[in-house]
Amino acid sequence: MIKDKKVKYMRKSLAVIAFTGIGLSLCSLQADAQFFDRLKEKASKAVTAVEEAESHVQSAEEKVSDSGLATKGEPSLEGGPADSLIAFTQCAGLPIENVVVGTPGNYEFQQGFSVEERSGFVDRIPSSVSNDCILPSIVSGQAIYMEVDEQKFEALGSANDWEMQCVRSDNPRAGALGQDEPKTEYPSRVNYLSPKDYHLHCGHNVAHAEECSEGSNSDRSSAWDKNLDERGKKMLSVFGNSSTLAPKIGEKLYCQYYNKRSRKSLFAFEYLRRR
């Protein structure tokens, strides 16, 4: 009898131990599951953080590109166009003066206690030509202002005699872009800036723009036209277009303002075309 009771007691004890072990195993499995869930959650958060960081980097790179600063892998304009490119250009021999590199944008000027805003030619950097007619290099978004003798320029031919020719700097023998690209994709005009863009309203905050006048845009344009007439000068300007046809890192173009009658160019320049 006592033996049977002992046997029963031992069976109950073993059952308790077994159930306890199963319980512990289940708890352990639940703990492992919770542990892996936490790992999964942390991994998901880490992936999200990396994606957000990459998004911020991309956004910063786009802002840098938009600001006119160089982006990674972009071709360099340092040193100007290669001698092999300059060799394609035969200068017309007409002196180019008052060369200024800048950016079309907005500026402010003071009117008593109030501050007003106008559009114009800002961020100016005085410059000059090299090799007789090679203008400074620019990037998309920049413009070049220049002046030439009006009578001598008109003597070289009419507007129909001139055309802007642009080639890819790394493959000039492939031909002018105008053969397979619309003129809106490269600098085809020489009158991008208007007189009022160059002749700013007095009281402005733009460096290297000493001459100014009061009045409306029309008034300032008339004032600068009069200034040019009195000096016998003609203003010309080119703008570095951006283009969706450009590769992601940009590409260098070499452009010359070519006279079909004389087969000579008034000027040439290299620019970095960006998207």
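This report describes the strands, the aromatic rings and several individual residues of one protein.

## Overall composition

The model is predicted. The protein has 275 residues, of which 33% are buried. Its secondary structure consists of 5 helices and 10 strands. About 17,000 Å² of the protein is exposed, and carbon and sulfur atoms account for 53% of that area. Contacts between residues at least 6 apart in sequence often span long stretches of chain: 73% of them join residues at least 24 apart.

## Strand 4 and its partners

Strand 4 covers residues 143–149, and 6 of its 7 residues are buried. Two pairings of this strand can be described. With strand 1 (residues 97–111), strand 4 pairs in the antiparallel sense over 4 bridges. In this pairing, Glu97 stands opposite Glu147 of strand 4. With strand 8 (residues 233–239), strand 4 also runs antiparallel, and 7 bridges join the two. Here Met146 has Leu236 of strand 8 as its bridge partner.

In a regular strand, the side chains alternate between the two faces of the sheet.

Lys233 belongs to strand 8. Is this residue buried or exposed? Lys233 has a relative accessible area of 14%, and it counts as buried because this value is under 20%. The side chain of Lys233 makes a polar contact of 2.7 Å with the side chain of Glu97. Leaving aside residues up to four places away in sequence, Lys233 touches Glu97, Glu147, Val148, Asp149, Glu150 and Leu228.

## The open sheet

Another group of strands forms an open sheet of 4 strands, in the order 3-10-9-5 and with mixed pairing. Strand 3 (138–139) and strand 5 (162–168) stand at the edges; each has a single partner strand, so one side of each lacks a neighbour in the sheet. Strand 9 (residues 251–259) and strand 10 (residues 264–273) run antiparallel and are joined by 9 bridges. Within this pairing, Lys252 stands opposite Leu272 of strand 10.

## Aromatic rings

A pair of aromatic rings is described by the distance of the centres and the angle of the planes. The structure holds 10 aromatic pairs, and two of them are set out below.

| Aromatic pair | Arrangement | Centre to centre | Angle between planes |
|---|---|---|---|
| Tyr198 and Trp224 | tilted | 5.2 Å | 45° |
| Tyr257 and Phe267 | stacked | 5.5 Å | 20° |

The pair of Tyr198 and Trp224 links distant parts of the chain: Tyr198 lies in helix 4 (residues 195–198) and Trp224 in helix 5 (residues 217–231), 26 residues apart. Tyr198 is buried, with a relative accessible area of 10%. Trp224 is likewise buried, with a relative accessible area of 2%. Tyr198 has a further neighbour, since Arg124 lies over the face of its ring, at 4.4 Å from the ring centre.

The pair of Tyr257 and Phe267 joins strand 9, which holds Tyr257, to strand 10, which holds Phe267; the two residues are 10 residues apart. Both Tyr257 and Phe267 are buried. These two residues also belong to a cluster linked by ring pairs, together with Phe153, Trp162, Phe269 and Tyr271.

## Residues of individual interest

Gly80 lies in the loop between helix 1 (2–66) and helix 2 (83–86). With a relative accessible area of 26%, Gly80 is partly exposed. Which residues does Gly80 touch, not counting residues up to four places away in sequence? The residues are Ser137 and Glu270. Gly80 and Phe269 are 189 residues apart along the chain, and their C-alpha atoms are separated by 8.4 Å.

Two residues other than glycine are described here for a positive phi value. Asp123 has a phi near 50° and is found in strand 2 (residues 114–126). At 55% relative accessibility, Asp123 counts as exposed because this value is over 50%. His208 has a phi near 60° and lies in the loop between strand 6 (200–201) and strand 7 (212–213). With a relative accessible area of 42%, His208 is partly exposed.

How values were computed:
Residues numbered from 1 in each chain as written. Predicted model: local features only at pLDDT ≥ 70, side-chain atom pairs only at ≥ 80, totals over all residues. Heavy atoms only, no water. Buried < 20%, exposed > 50% of the residue type's maximum accessible area, 1.4 Å probe, protein only. Pairing = 2+ DSSP bridges. Contact = heavy atoms within 4.5 Å. Areas by Shrake-Rupley, 256 points an atom, 1.4 Å probe, with all protein chains shown as cover. Polar contact = N/O pair within 3.5 Å; in protein donor to acceptor, adjacent residues only side chain to side chain. Phe/Tyr/Trp six-rings, centres within 6.5 Å; stacked < 30°, edge-to-face > 60°. Lys NZ or Arg CZ within 6 Å of the ring centre and 35° of its normal.
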